[in-house]
Amino acid sequence: MNKYISTFMTIVAGMLFSMSAMAYDGSRLWLPAAVDGRHDVSVKLEAKGESASIAAQELRDHWRGGDVVLREKRDKSLGKEGYRIVPGDANVTVTANSGIGLLYGAYHLLRLQSTGATPDTTIVETPAFDMRVLNHWDNLDGTIERGYAGRSLWKWDELPDVISPRYKEYARANASVGINGVVLNNVNASSRILSREYLEKVRVLADIFRPYGIKVYLSANFAAPMQLDSLPTADPLDKDVIKWWKRKCEEIYGLIPDFGGFLVKANSEGQPGPCDFGRSHAEGANMMARALRPHGGKVMWRAFVYSANDADRAKQAYLEFNPLDGMFDDNVIVQIKNGPIDFQPREPFSPLFGAMPSTPQMAELQITQEYLGHANHLAYLAPMWEEFFGWVKPESLKAIAGVANVGDDDNWTGHPMAQANWYAFGRLAWNPMLTSKAIAQEWLPMTVYETAEIPAGVKEGLEEMMLVSREAVVDYMMPLGLHHLFAFGHHYGPEPWCNPEGASPSWLPSYYHRADSAGIGFNRSPAGSDAVAQYPEPYRTQYASASTCPDELLLWFHHLPWDYKMKSGATLWDELCRHYEHGCNKVSDMQKAWYAAAPYLDSSLYKDVERRLATQARDAQWWKDGCLLYFGEFSGMPLPDDVTAPVHTLESLRGIDLGITNYESPSAELLDSKR
Ligand code: BDP
């Protein structure tokens, strides 16, 4: 062991110890704790600029592993943001083409330190995607659509004069995982964000984020010229409209020279768009792209559309966008949700991926847990994203976006364990080949363990708890390819029966589960809606027949009789019941793993997660009872012997109305009072 590594190891132990002495409020995230003033590391900075200075300061404050040289040096293979770390006997050298590359390299070193690893071989890293973006669904009034961690971080009323220290902390957290773009506002966008008044505020945030390598983007309302400046139309071919966007872009770039561009939700769920004026999505996107082009900006144009051009909503985005392939300007990127419906606990990949070979595409993942138990349920999402990258090759994508789960709660994400999803999104955006296990093994010791002495069994228990959590949610909410069984509006609990007056059919659970006395599931086979035809081979053939369709997607693609014989030999009904039971059991395993870790965790963290796991366990039972009692009325079959009896009645569950909005997670007290 060389001198450098041995110093490193002694110091790591000391640092982990000092970390344990700090009170936990979750605000530290996975980053090193505050400076303890006990270090004597020399950091030699051979680079200019603010990002490089931040890199040097981070290491001076937190690195305990020996002397470091940060050097800016031309090296084509590293690109704009990559870095090389070379450990030597006397010091470790980080090289990059830019200050931001050095900053990423510095965070890499700190990550190694916090996970107890040593930089003993050369490390070369470059990001898989140039754009790694967080989409905030934050409204200008401080609410967050589908946000469960308090109110918006952006204090619009105080900006531009009052600057919250959290803006910088937020930028630092993003840079530490390689996120380099932030869309500040909701896709259901208020035009006001493009007014001069708000752009002055946005400028302040952009200035704070810039040294951390983060570009600011804005969600733009397509009708902004009408709403802000009373133009009679927002027709993308109208010359005054074209001029309006051109001027608006000039104004924006005058304030924010490295502005990233626009994210646009057009002609979707009531938002205005080019189709209102008889124009196509491509005509709308290109008009905005041309206004941005002279300044180097991009348009992220969402493909989340489902106007009824087919009876099956799962086919609609493809039908609308596939014919537009090749018609978009090259600074437009079509942003596609991972699945064809809407961020369900499990969906197959959207067939639009790969179906527009001449159009840059990006994936939109949802970090906030709109459909996975809000801030009440522990659901580590990296396994879901790993599954997605198993289907959709990262090389086929130009960029990646995640709908943020961040708010102004002290711990940023509501559920303390949901920080792992923000972290995992960033890490996967940088390197989509990382396994969810490897990411959990980084995040846990950086964030959760209190001492280096955690026994191996307990540590593995916590890793397992995270790794099984998403599948547990799938099992107790909607296994075997079922989807959208949620309560109306807030999407929290089970309401497979829900049928409010005036709702669009494709917002109703019965549209998706199609349960009747003959069976359950959505027939998307060639004999049904034939959505399978939109998939490339080998998936098309595989999904088309129930006998080859994987169990976990079976009822997504097939409507099958209750006594259909599954691959296991059990009937569909029995297997469905067992999945619900299994999901509930997994939550109690998660509770046990957490309990076993108690002596090694900060007590307030322990109690917070323990309380949320208890809510999750009760919710899992609610889901199981609600779904099995309801579907049982159609199947007419009894629960198999190995599945425990419900504790609720269907009647009582049908009567539950949580009375919450799109902006909140129900409290444990509310849930207890309703069930
Ligand atoms: C759905 C949400 C809704 C969003 C919409 C979108 O329920 O609040 O506005 O997606 O992505 O998941 O535009």
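In which sense do strand 10 and strand 11 pair, and over how many bridges? In this predicted model, strand 10 (residues 298-302) pairs with strand 11 in the parallel sense, and there are 4 bridges between them. One of the spots where they meet links R302 to its bridge partner in strand 11, Q335.

**Around the barrel**

Let's look at what those two strands belong to. They are part of a closed barrel of 8 strands, which runs 6-7-8-9-10-11-12-13 with parallel pairing. On average, neighbouring strands of this sheet are turned by 25° against each other, direction ignored. If you're wondering what holds strands together in general, strands of a sheet pair through backbone hydrogen bonds, either parallel or antiparallel.

Here are three of the pairings, side by side:

| Strands | Sense | Bridges | One residue pair |
|---|---|---|---|
| strand 10 (residues 298-302) and strand 11 | parallel | 4 bridges | R302 and Q335 |
| strand 11 and strand 12 (residues 361-366) | parallel | 4 bridges | K337 and E364 |
| strand 6 (residues 131-135) and strand 13 (residues 399-403) | parallel | 5 bridges | N135 and V403 |

Strand 6 and strand 13 sit at the two ends of the barrel order 6-7-8-9-10-11-12-13, and they are joined by 5 bridges.

**A closer look at strand 11**

Is strand 11 buried or exposed? For strand 11 (residues 332-337), 6 of the 6 residues are buried, so the strand is largely enclosed by the rest of the structure. In a regular strand the side chains alternate between the two faces of the sheet. You can follow that here: V332, V334 and I336 point one way, while I333, Q335 and K337 point the other way, and all of them are buried.

Some of the cover around this part of the structure is easy to spot. Helix 8 (residues 281-292) lies across strand 9 (261-264), strand 10 and strand 11. Helix 8 runs at about 160° to strand 10.

**Meeting the ligand**

Now for the ligand, where a couple of familiar residues turn up again. It has 14 residues around it, and E145, K265, R302, K337 and E370 come nearest. R302, the bridge partner of Q335, has a polar side-chain atom 2.7 Å from an oxygen atom of the ligand. K337, which stands opposite E364 in strand 12, also places a polar side-chain atom 2.7 Å from a ligand oxygen atom. For N188, an N or O atom in the side chain is 3.0 Å from an oxygen atom of the ligand. On its own the ligand has 320 Å² of accessible area, and the protein covers 97% of that.

Terms used. Residues are numbered from 1 along each chain as its sequence is written. This is a predicted model: local features need pLDDT of at least 70, side-chain atom pairs count only at pLDDT 80 or more; totals for chains, interfaces and linings use all residues. Side-chain values use heavy atoms; hydrogens and water are left out. Buried means under 20% relative accessible area, exposed over 50%, partly exposed in between (1.4 Å probe, protein chains only). Two strands pair if DSSP finds at least two bridges between them. Axes are lines fitted to C-alpha atoms, for helices over the stretch in contact, and angles run from 0 to 180 degrees between N-to-C directions. Contact means heavy atoms within 4.5 Å. A residue is near a molecule or strand if one of its heavy atoms lies within 4 Å of it. A polar contact is a pair of N or O atoms within 3.5 Å; within protein, one must be able to donate a hydrogen and the other to accept it, and residues adjacent in sequence count only if both atoms are side-chain atoms. Accessible areas come from the Shrake-Rupley method with a 1.4 Å probe; for residues, only the protein chains shown count as cover.
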